[in-house]
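Here is a briefing for a reader who is meeting this structure for the first time. Please look over the sequence and the model before reading on.

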Amino acid sequence: MPTPLHDIRCWIFDLDNTLYSADSNLFPQIHERMGLYLMDYFKIDRAAAHDMRFEYFKKYGTTMRGMMAEHNIDPHDFMSYVHDVALDDIGPCPKISSLFEKLQGRKFIFTNADHRHANRILNHIQLRHHFEAIFDIADGEFVCKPEVGPYQTLLQRYNLNANECCMIDDMQVNLKAAADLGMTTVWMRHEAEWLRNKPSPTEHYPHCHHVVNDLTFFLEHITGSK
């Protein structure tokens with residue numbers, strides 16, 4: 001059984017589309033730049049590149065992991081290119097920051113991106129100071145969510161008890177390993193226009209212990225601010 005939220009001692013947050021709205025233009029920009037990278041690398045057209053991006057994502061968890069596995073690309077070069085996007089569509093939210101102040105327990109970022117991207121986003125939205133550490137794809141030795149390995153490494157590195165942790169992610173598939181290890185899970189569900197496979201309103205996954213669609217509402221609920 002999941003741990004009641006009021007007994008959680010450690011909060012593990014995904015970054016992209018979780019700490020800022022998935023309806024922003026940020027991830028469509030990242031997808032576009034992934035497509036451009038693949039177009040240049042393979043000398044293929046836009047449609048073929050975007051189909052390849054999605055197939056690697058489904059098979060490996062991230063497009064970059066697929067490119068590493070099948071083409072031995074430099075992950076740092078790939079991430080530097082695809083994360084070179086404008087942040088105009090997201091910004092600070094003082095209310096969310098104040099709710100993080102009230103949220104008791106240790107707080108971490110667990111992302112399939114790299115430290116550079118995570119720090120850039122967190123500093124831009126003025127939330128970096130709330131988090132003890134960022135656990136990025138390099139920390140997981142370039143094995144990414146939803147593979148179980150990086151979850152285990154995160155727990156070991158910071159001496160965390162999975163039964164005292166809650167993981168919040170916008171992708172339900174990333175919560176399966178967390179739940180299997182004993183974490184309580186929260187699916188930050190969304191139906192952004194850029195999704196290739198939108199979840200049905202009736203979809204339910206047993207490994208998603210809580211389902212919410214708004215970060216502010218979730219933080220208000222668990223901090224007793226509403």
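The points below go through strands, cores, one helix, backbone details and salt bridges in turn. The model is a predicted one, and strand β2, at residues 106–110, is a useful place to begin because 4 of its 5 residues are buried, so that the strand is largely enclosed by the rest of the structure.

**Strands around β2**

- Strand β1, which covers residues 10–13, pairs with β2 in the parallel sense over 4 bridges, and within this pairing I12 has F108 of β2 as its bridge partner.
- Strand β3, at residues 133–135, runs parallel to β2 and is joined to β2 by 3 bridges, with I109 standing opposite I134 of β3.
- Between β2 and β3 the chain passes through helix α6, at residues 115–124, and the β-α-β crossover made in this way is right-handed.

**Nonpolar cores**

- The largest nonpolar core has 50 residues, of which W11, F13, L19, F100, F218 and L219 touch the most other members, while helix α1, at residues 26–42, gives the most to this core, with 6 residues.
- When residues up to four places away in sequence are not counted, F218 touches L5, W11, I168, V186 and V212.
- There is also a second, separate core of 20 residues, which includes C10, F110, F135 and C165.
- As general background, nonpolar side chains tend to be buried together in soluble globular proteins.

**Helix α7 and its surroundings**

- In helix α7 the residues P150, Y151, L154 and L155 are buried, and they lie on the same side of α7 because they cover an arc of only 140 degrees around the axis.
- The buried residues of α7 pack against four strands, namely β1, β2, β3 and β4, and also against helix α8, at residues 175–181.
- After α7 comes N159, whose phi is positive, near 55 degrees; N159 is placed in the loop between α7 and β4 and is exposed, with a relative accessible area of 70%.

**The loop between β3 and α7**

- F142 lies in this loop between β3 and α7 and has a positive phi of about 65 degrees although F142 is not a glycine; F142 is buried, with a relative accessible area of 15%.
- P146 is found in the loop between β3 and α7 as well, and the peptide bond that leads from K145 to P146 is cis, with omega near 15 degrees.

**Salt bridges**

- The structure holds 11 salt bridges, and in one of them the side chains of D14 and K145 meet at 3.0 Å, N to O.
- D14 lies in the loop between β1 and α1 and K145 in the loop between β3 and α7, so this pair ties together parts that are 131 residues apart in sequence.
- Both D14 and K145 are buried, and the two are linked with D169 in a network of salt bridges.
- R157 forms a salt bridge with D139, with the closest N and O atoms 2.9 Å apart; R157 lies in helix α7 and D139 in the loop between β3 and α7, so the pair ties together parts that are 18 residues apart in sequence.
- R157 counts as partly exposed at 43% relative accessibility, whereas D139 counts as buried at 17%.

Methods. Residues are numbered from 1 along each chain as its sequence is written. This is a predicted model: local features need pLDDT of at least 70, side-chain atom pairs count only at pLDDT 80 or more; totals for chains, interfaces and linings use all residues. Side-chain values use heavy atoms; hydrogens and water are left out. Buried means under 20% relative accessible area, exposed over 50%, partly exposed in between (1.4 Å probe, protein chains only). Helices (H or I, at least four residues) and strands (E, at least two) are DSSP runs, numbered from the N terminus. Two strands pair if DSSP finds at least two bridges between them. A crossover is right-handed if, with the strands pointing away from the viewer, the path from the first strand over the helix to the second runs clockwise. A nonpolar core is a set of buried Ala, Val, Leu, Ile, Met, Phe, Trp, Tyr and Cys residues joined through side-chain atoms within 4.5 Å. Contact means heavy atoms within 4.5 Å. The arc is that of the directions from the helix axis to the C-beta atoms. A salt bridge is a side-chain nitrogen of Lys or Arg within 4 Å of a carboxyl oxygen of Asp or Glu.
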